[in-house]
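Biologist: I have a chain to go through with you. Let us take it piece by piece.

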Amino acid sequence: PKERVFAVFPPQACAAKQHELAAAEGLPYGAPVPAWQVMCASAAAKPVATAASDPHEVARTRMREQATAGVFRFRGMWQPLGLMAREEGRQG
C-alpha cells in the first residue's frame, strides 16, 4: 500500500510564506484589519454558515425524534434531506 506522508512546517516557515504572498500582492503583512471589514465579513459569513448547517441539523433532529416515536422513515444522512425537499420544499 502507498504510504502517506504528512509534512509538518514550523510556524516560522508558515509566517515567512504568508509574508511572501502578501508582499507579492502588494499588501501590508500583519497590518490591522479595520473593524468595519471584520463586521462585514462576519455579517456575510453567518448566512453562509446557517445555510450550510441548518439542513443537517433538521435531518439529525428528525432522525433522533423518529427513534423516540418508533416510526422509522429516515435512513442514513442524505435520504432524509431528499425526502424533506420533495415533501416540504424550501419551507421544510
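Biologist: Which residue forms a salt bridge with Lys-17?
Modeller: A word first: this is a predicted model. A salt bridge needs a side-chain nitrogen of Lys or Arg within 4 Å of a carboxyl oxygen of Asp or Glu. The closest N and O atoms of Lys-17 and its partner are 3.4 Å apart. That partner is Glu-20.

Biologist: In which helix do Lys-17 and Glu-20 both lie?
Modeller: The two residues are three apart, about one turn of the helix. The helix that holds them covers residues 11-25. It is α1.

Biologist: Is Lys-17 buried, partly exposed or exposed?
Modeller: Buried means under 20% relative accessible area, and exposed means over 50%. Lys-17 has 43% relative accessibility, so it falls in between. Glu-20, at 46%, is placed in the same way. Lys-17 counts as partly exposed.

Biologist: How far apart are the end C-alpha atoms of α1?
Modeller: Start from 1.5 Å a residue. The 15 residues of α1 should then span 21 Å. The model agrees: the end C-alpha atoms are apart by 21 Å.

Biologist: Which residue follows α1?
Modeller: Look for a positive phi, near 80 degrees. The residue with that phi, right after α1, is Gly-26.

Biologist: How many helices are there in the protein chain?
Modeller: From the N terminus on, the elements run α-α-α. There are zero strands. The helix count is three.

Biologist: What span should helix α2 have?
Modeller: Helix α2 covers residues 35-69, which makes 35 residues. Its end C-alpha atoms are 49 Å apart, and this agrees with the expected span. At 1.5 Å a residue, that expected span is 51 Å.

Biologist: Where in α2 does a kink lie?
Modeller: The kink is about 30 degrees. It comes shortly before the proline Pro-55. Its place is Ser-53.

Biologist: Which residue follows α2?
Modeller: Its phi is positive, near 85 degrees. The residue is Gly-70.

Biologist: Which residue forms a salt bridge with Glu-88?
Modeller: The closest N and O atoms of this pair are 2.6 Å apart. Glu-88 lies in helix α3 (residues 78-88) and its partner in helix α2, so the pair ties together parts that are 26 residues apart in sequence. Glu-88 is partly exposed at 31%, and its partner is partly exposed at 27%. The partner is Arg-62.

Biologist: Which side chain meets Arg-73 in a salt bridge?
Modeller: The N to O distance is 2.8 Å. The pair links distant parts of the chain, 14 residues apart: Arg-73 sits in the loop between α2 and α3, and the partner sits in helix α3. Arg-73 is partly exposed at 39%. The partner, itself partly exposed at 48%, is Glu-87.

Biologist: Which residue has a side-chain polar atom 3.0 Å from the backbone nitrogen of Arg-73?
Modeller: The residue has its place in helix α2. Its relative accessible area is 9%, so it is buried, as that is under 20%. The residue is Gln-66.

Biologist: How far apart in space are Leu-83 and Arg-73?
Modeller: Leu-83 is found in helix α3. At 13% relative accessibility, Leu-83 counts as buried. In sequence, Leu-83 and Arg-73 are 10 residues apart. C-alpha to C-alpha, the distance is 9.3 Å.

Biologist: What share of the 92 residues is buried?
Modeller: The protein chain exposes about 8000 Å². Carbon and sulfur atoms supply 64% of that area. Among the buried residues are Gln-66 and Leu-83. The buried share is 8%.

Biologist: In which helix is confidence highest?
Modeller: The protein chain averages a pLDDT of 81, and 87% of the residues score at least 70. Where pLDDT is low, the predicted coordinates should not be read in detail. Confidence is lowest in α1, at a mean of 80. The highest mean, 88, belongs to α2.

Conventions:
Residues numbered from 1 in each chain as written. Heavy atoms only, no water. Helix = DSSP H or I, 4+ residues; strand = E, 2+ residues; numbered from the N terminus. Expected span 1.5 Å × (residues − 1). Bend = angle between axes of the 7 residues up to and from the residue. Buried < 20%, exposed > 50% of the residue type's maximum accessible area, 1.4 Å probe, protein only. Areas by Shrake-Rupley, 256 points an atom, 1.4 Å probe, with all protein chains shown as cover. pLDDT = per-residue confidence, 0-100. Polar contact = N/O pair within 3.5 Å; in protein donor to acceptor, adjacent residues only side chain to side chain.
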